[in-house]
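Me: I would like to go through this structure with you. I will ask how each label is earned.

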Amino acid sequence: MEGNNIDLVFGELQRIGQCSSRSQFSRDWLGRETSYYRSIQSKGLRPSIEAQVNLAARLRDLGMCLGSSEYPGVAAIGKTYLKLYGELLDALLTSAQSDMKWLDGHS
């Protein structure tokens, strides 16, 4: 999950019917004000690390709960959350490693 991973997660959550609007995504998934996601999109900004961590934690927590459900449809949603969590976490760690290499080279 490269580039704007938040957009990819939002798109997937919309596709599976788990998020209906940017406002809901901002509030329920990013832990921000309802206008946050719309605002960063319109300005071409990257989401804050805190918003990305909030999203990863939410995906992980819900994925763990729903993924073990006895109902196949619910379990499938949980597994999708865990897949998105893994991709988001990889992207966050890759970004952090790149930032550290850049800082090491400019110390």
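**Labels and their reasons**

Reply: Start with confidence, since this is a predicted model. Helix α5 (residues 72-105) has the lowest mean pLDDT among the elements, 87, and helix α2 (residues 22-29) has the highest, 98. pLDDT is the predictor's confidence in each residue, from 0 to 100. The mean for the protein is 91, and 89% of its residues reach 70 or more. Residues are numbered from 1 along each chain as its sequence is written, and side-chain values use heavy atoms, without hydrogens and water. Local features need pLDDT of at least 70, side-chain atom pairs count only at pLDDT 80 or more, and totals for chains, interfaces and linings use all residues.

Me: What makes a stretch a helix, and how many helices and strands are there?

Reply: Helices are DSSP runs of H or I with at least four residues; strands are runs of E with at least two; both are numbered from the N terminus. By that rule the protein has five helices and zero strands. From the N terminus on, the order is α-α-α-α-α.

Me: Why is C19 called buried or exposed?

Reply: Buried means under 20% relative accessible area, exposed over 50%, and partly exposed in between (1.4 Å probe, protein chains only). C19 has 4%, so C19 is buried.

Me: And why is C65 called buried or exposed?

Reply: C65 has a relative accessible area of 57%, so C65 is exposed.

Me: How do you know how many disulfides there are?

Reply: A disulfide is counted when a pair of cysteine sulfur atoms lies within 2.5 Å. By this rule the count is zero.

Me: What makes A96 neither buried nor exposed?

Reply: Its relative accessible area is 37%, so A96 is partly exposed. A96 is found in helix α5. The C-alpha atoms of A96 and I49 are separated by 10.0 Å, though these residues are 47 apart along the chain.

Me: Why does S26 count as buried or exposed?

Reply: S26 has 0% relative accessibility, so S26 counts as buried. S26 sits in helix α2, where Q24, F25 and W29 are buried too.

Me: What does S26 touch?

Reply: Contact means heavy atoms within 4.5 Å. Leaving aside neighbours within four places in sequence, S26 is in contact with G31, R32, E33, T34, S35, Y36 and Y37. S26 and Y36 are ten residues apart in sequence and 5.8 Å apart in space, C-alpha to C-alpha. G31, just after α2, takes a positive phi of about 70°.

Me: Why is N5 called buried or exposed, and what does N5 touch?

Reply: N5 has 6% relative accessibility, so N5 counts as buried. N5 lies in helix α1 (residues 5-15). Not counting residues up to four places away in sequence, N5 touches Q52, L88 and A91.

Me: How do you know that the span of helix α4 agrees with its expected value?

Reply: The expected span is 1.5 Å times one less than the number of residues. Helix α4 (residues 49-67) has 19 residues, so the span should be 27 Å; the end C-alpha atoms are 26 Å apart, which agrees.

Me: Which residues of α4 are buried, and what puts them on the same side?

Reply: A51, Q52, L55, A56, L59 and G63 are buried in α4. They cover an arc of only 135° around the axis, so they lie on the same side of α4. That arc is taken from the directions from the helix axis to the C-beta atoms. The face turned away from the buried side carries the exposed residues M64 and C65.
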